[in-house]
Structure formats: structure tokens, C-alpha cells
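Let us take a friendly walk through a protein model, one piece at a time. Keep the viewer open and follow along as we go.

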Amino acid sequence: MQIFHPGLRELLLINQHLSNHKIGFVTIERPLPEWFKKFTQAIPNYSVGLQLRREYRHFLMGLQALSLKDVDSIYVMEIYNQHLLALLPMLVSTGKQVFLGIHGNQLFAQENKIKYLGFVYLQKFLEANPQFKVVLLELDDDYVSDKFKFSESSKIVIPHPIISEVTPKLQPRERLKQDDKIKIGIIGILREDKPINKILEKLRYYVSQHSQQLELVIGTPMNQKPKYLENCSDITFIDTTKDEDYLQALQQLDILVTDFDKKRYYYRASGVISDAGSCGCYIIAPDYLVIRHQITWPVSIGASYSSLDDLDQLIEQAIIHIREKGQDNHWLWREKRNAEYIAKLLFPNI
């Protein structure tokens, strides 16, 4: 099954930890007919074509759910507020218990009226259909304003799952050699809601002052690398076009430094941070509520900053942590984020 967020693949293993119950999964990543794809791509307004493709994929998710006859419940990996009008009634008609994965839906409901109206429709729908539950990642939503909260009876909170097929490079109690350089840097697609200019400037200066113990690394798809990063001899670049290259890059990295657009990530878990934690990276990230929980629960695998002026101090702390504790905390962090643990949260009575 193709999943929009590969870091959620661990959820597909939940059935291994259930007895007398089977959960089926549906995903928005449904293949589109070639004629429909070409038709929507030919529309001059890109946004209109995009929304039509998403609407069609939501309809396909409904059809996929209806085809799941031998399951007791259904987990919908991802939904968009503005495309729920047809999907939710289709899910009701399955007669199954339904879990709806929430990835920033409350945050995006604040962006425009259509997304907000779709969110209100979802809230009302949950009230009328108690067999439906939304699944929040990391934190309960008691930190958002009342009109964007879900009712207590309609939500379940789970940690963002790990990627079980990758592990930290250091085993418990294993440490880096004293002459090993610590690799620090940025991994992922470099786009507008993941700005790197400011942190990269600080990282380049800091590494230049500590070149004996640090190496600066950037992992990104090479065909999308910004032109301003050409001819940077002080940076080691890793092509992360393929999923396996992306994960290998994270496993090589010791410290991941991130920045995110507050408007898009303040109430939202980060897939990159979850992936990095799975691979053993010590993570330095902005002090947003959900992301902070990702890197501090059940044990700390990183630190958060309120100001970029704090980066130097946090990098120094990270170096000390890695030298003294290796990746021991990452192994403990994984124990509360695997399929077995999440299965108990979703089905406490099974």
C-alpha cells in the first residue's frame, strides 16, 4: 500500500498485535486514471486541478473502504477537510468502526472558509456517528481554541509511529569513537514551509569554527536542490531522491537541525522528525507544541529552540549528549511508538 506519509507504515503492522479483530486501511494515495490526470493538469488554474484530483481520490478512498468486507474496523490514513462531503457517508455505509487520521486538519481549518466549513462538517458528523473516531498524533487538542477542538468522546491520541525497518546506527551503550566527526545538518525536501536559509547560515558558521569535530551535511533530492547551494565546498551533499537514500542519509546523520513555518506546523506532527528519531538522529527543532512532544516523549531525543540565537548552545548540548549517551534514548523512545503499543491505545479492550 502506498502511503502519503511513509512514516505511518508502522500502523499497517497493528493487526499482528490484535486477536479476534482485524483492521483495514485506506489511503489517499490512490492511482488516478490517466485521462483524468491529464484533464486536471490541463486546467490553467493549478489549484482547481489539484482540488479535483484530491476530491477524486477521496471518492476512491470511499470505494476502497466499501470493498473491505472481511475487516472489523477501518483506518483512513489521511483526510482533507474540504473533501469530506461524499467520503464520510460512504464510510458510514460500511457499517464498520472508523478511525480518521488527523494531520494538521485543525490548523488548516484556520486558513480559509472552505476548509473551516469542512472541519465543522466533520465535527458534526462525529457527534452523530459515535462509531467514528479521529486519531490525533502526539497531543490531545486541549491547546487549540474551543471551536477547533474535537469532543472528548470522538478522539484518540497516539504517538507518531516509528519506522521499524530502520534503527539507530549505534547500539545501546555503544558510543562514537573520540576521533569520529559528528555529522550535523538538514535532511528533506527544501521547500517554502521548511525554510533553511537562516539556520543554514548559522550552521555553516558554527561548523567552520569547529571543523575538527563537525561535518556539515545536507540531504535532499538533487534535482530539487536550490541554485544558491551550488559550489558549496564546505557542505557534503547526499541525494535523497529515493526513499532508501533518504533513510540512509538520516542514519548517517548524528544531529538534525530543522525549521518549519509556524503557520503550518504549530499544531502538527512532523514526519521528518519522526523518521529522524527512528534513525537515531539527535533533533534540534523549533519550540512548537506537537513537535516538542515528538522529541521529548517518552524520553528526550533532542531539544527545541524559541530563537535561532539559541542554536549554538543547543548544538553544544547535542554534541555532549551524543558523546556521553550515544543513541541509548532513541532505543527507549522507540518502545512507546511501535505498532504493538499503538494497537493497545486504539483497542484498549481487545
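The paragraphs below go through a sheet, the helices lying across it, and a cavity.

Before we start, please keep in mind that this is a predicted model.

A good place to begin is the sheet. It is an open sheet of five strands in the order S1-S2-S3-S4-S5, and the pairing is parallel. Which strands stand at the edges? They are S1 (23-26) and S5 (155-158); each has a single partner strand, so one side of each is left without a neighbour in the sheet. If you look at how neighbouring strands are set against each other, the average turn is 25 degrees, with direction ignored.

Now step across the sheet from the S1 edge. S1 and S2 run parallel and are joined by four bridges, and here you can find Phe 25 opposite Tyr 75 in S2. The next step, from S2 to S3, again has parallel pairing over four bridges, with Val 76 standing opposite Leu 100 in S3. Over at the other end, strand S4 (residues 132-137) pairs with S5 in the parallel sense, also over four bridges. In that pair, Val 134 faces Lys 155 of S5.

Strand S2 deserves a closer look. Where do its side chains point? Ser 73 and Tyr 75 go one way, Ile 74 and Val 76 go the other way, and all of them are buried. This fits a general pattern: side chains in a regular strand alternate between the two faces of the sheet.

Next, add the helices. Helix H2 (residues 46-67) lies across S1 and strand S2 (73-76), and its direction makes an angle of about 160 degrees with S1. Helix H13 (residues 339-346) lies across S2, strand S3 (97-101), S4 and S5, running at about 160 degrees to S5. Strand S2 therefore appears in both lists, with H2 and H13 each lying across it.

Finally, let us turn to empty space. Such space shows up when a probe the size of a water molecule is rolled over the atoms. How many cavities of 30 Å³ or more does a search of the whole structure find? The search finds two. The second largest cavity holds about 40 Å³ of space. Its lining is made up of Asp 254, Gly 280, Tyr 282, Ile 322, Gly 326, Gln 327 and His 330. Sorted by character, the lining residues of this second largest cavity are two nonpolar, four polar and one charged.

Methods
Residues numbered from 1 in each chain as written. Predicted model: local features only at pLDDT ≥ 70, side-chain atom pairs only at ≥ 80, totals over all residues. Heavy atoms only, no water. 1 Å grid on protein atoms, 1.4 Å probe; cavity = no way out; pocket = protein on both sides within 12 Å on 5 of 7 lines; lining within 4 Å. Points joined across faces, edges and corners; volume = space filled by probe spheres on them. Nonpolar A, V, L, I, M, F, W, Y, C, P; charged D, E, K, R; others polar. Pairing = 2+ DSSP bridges. Helix = DSSP H or I, 4+ residues; strand = E, 2+ residues; numbered from the N terminus. Axes fitted to C-alpha atoms, helices over the stretch in contact; angles between N-to-C directions. Contact = heavy atoms within 4.5 Å. Buried < 20%, exposed > 50% of the residue type's maximum accessible area, 1.4 Å probe, protein only.
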